[in-house]
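Trainee: I'm new to this one and would like a close look at a single part. Could you take me through the inside of the fold, and then link it to what lies around it?

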Amino acid sequence: VIILHGVTGGSQESYVTHVAEEVERKGWVSVVFNQRGCGDSEMTSPRAYCAASSDDCSHVVSYIHKQHPKSILLAIGVSLGANILV
């Protein structure tokens with residue numbers, strides 16, 4: 001299950017860790033996708049994340065699918081994260 005945070009959040013937010021814990025309690029694997037420069041991650045590119053762009057999310061989904069081709073992928077987005085998913 002890929003978890004996408006809200007506008008200023010990241011993997012350290014309580015709502016994100018709560019969702020990850022619930023997912024893992026059910027026996028599934030969770031991955032938190034921190035947007036560029038969010039969640040205490042270092043900014044390593046000249047481009048910041050944008051709510052209108054789902055390119056980074058598509059790359060994350062493709063990467064996970066290549067690593068685990070037989071797994072079913074699910075995603076949960078909170079606030080802006082939900083917007084990026086749709």
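Mentor: Here is a walk from the core outwards.

Keep in mind as you look that this is a predicted model. Let's start with the largest nonpolar core, which has 9 residues: Ile2, Leu4, Phe33, Cys38, Tyr49, Cys57, Ile64, Leu80 and Ile84. Three elements each bring at least two residues to this core: β1 (2-4), α2 and α3 (80-85). There's another core too, lying apart from that one, with 6 residues that include Ile3, Val16, Val19 and Ala20.

Now zoom in on Phe33, one of the residues of the largest core. Setting aside neighbours within four places in sequence, Phe33 is in contact with Ile2, Ile3, Leu4 and His5, and also with Asp56, Cys57 and Val60. Two of those names are worth a second glance: Ile2 and Leu4 belong to the largest core, whereas Ile3 belongs to the other one.

Asp56 is a good next stop. You'll find Asp56 in helix α2 (residues 55-67). Is Asp56 buried or exposed? Its relative accessible area is 15%, and buried means under 20%, so Asp56 counts as buried. Besides Phe33, Asp56 touches Arg36 and Arg47, again not counting residues up to four places away in sequence.

Seeing an Asp touch two Arg residues, you might wonder about salt bridges. How many does a search of the whole structure find? Just 1 salt bridge turns up, and its partners are Glu22 and Arg25, with their closest N and O atoms 2.7 Å apart. Side chains of opposite charge can pair when their charged atoms come close. Glu22 and Arg25 are 3 residues apart in helix α1 (residues 14-25), so about one helical turn separates them. Glu22 is partly exposed, at 29% relative accessible area, while Arg25 is exposed, at 60%.

Helix α1 also holds Ser14, an exposed residue with a relative accessible area of 58%. For a sense of distance, the C-alpha atoms of Ser14 and Asn83 are separated by 20 Å, the two residues being 69 apart along the chain.

Last, look at the surface. Trp28, Ile72 and Leu74 form a nonpolar patch there, with about 360 Å² of accessible area together. Ile72 sits in the loop between α2 and β3 (75-77), and at 74% relative accessibility Ile72 counts as exposed.

Definitions and conventions:
Residues are numbered from 1 along each chain as its sequence is written. This is a predicted model: local features need pLDDT of at least 70, side-chain atom pairs count only at pLDDT 80 or more; totals for chains, interfaces and linings use all residues. Side-chain values use heavy atoms; hydrogens and water are left out. A salt bridge is a side-chain nitrogen of Lys or Arg within 4 Å of a carboxyl oxygen of Asp or Glu. Helices (H or I, at least four residues) and strands (E, at least two) are DSSP runs, numbered from the N terminus. Buried means under 20% relative accessible area, exposed over 50%, partly exposed in between (1.4 Å probe, protein chains only). Contact means heavy atoms within 4.5 Å. Patches are made of residues with over 30% relative accessible area and no salt bridge: like charges are joined within 9 Å, nonpolar side chains (Val, Leu, Ile, Met, Phe, Trp, Tyr) within 5 Å. Accessible areas come from the Shrake-Rupley method with a 1.4 Å probe; for residues, only the protein chains shown count as cover. A nonpolar core is a set of buried Ala, Val, Leu, Ile, Met, Phe, Trp, Tyr and Cys residues joined through side-chain atoms within 4.5 Å.
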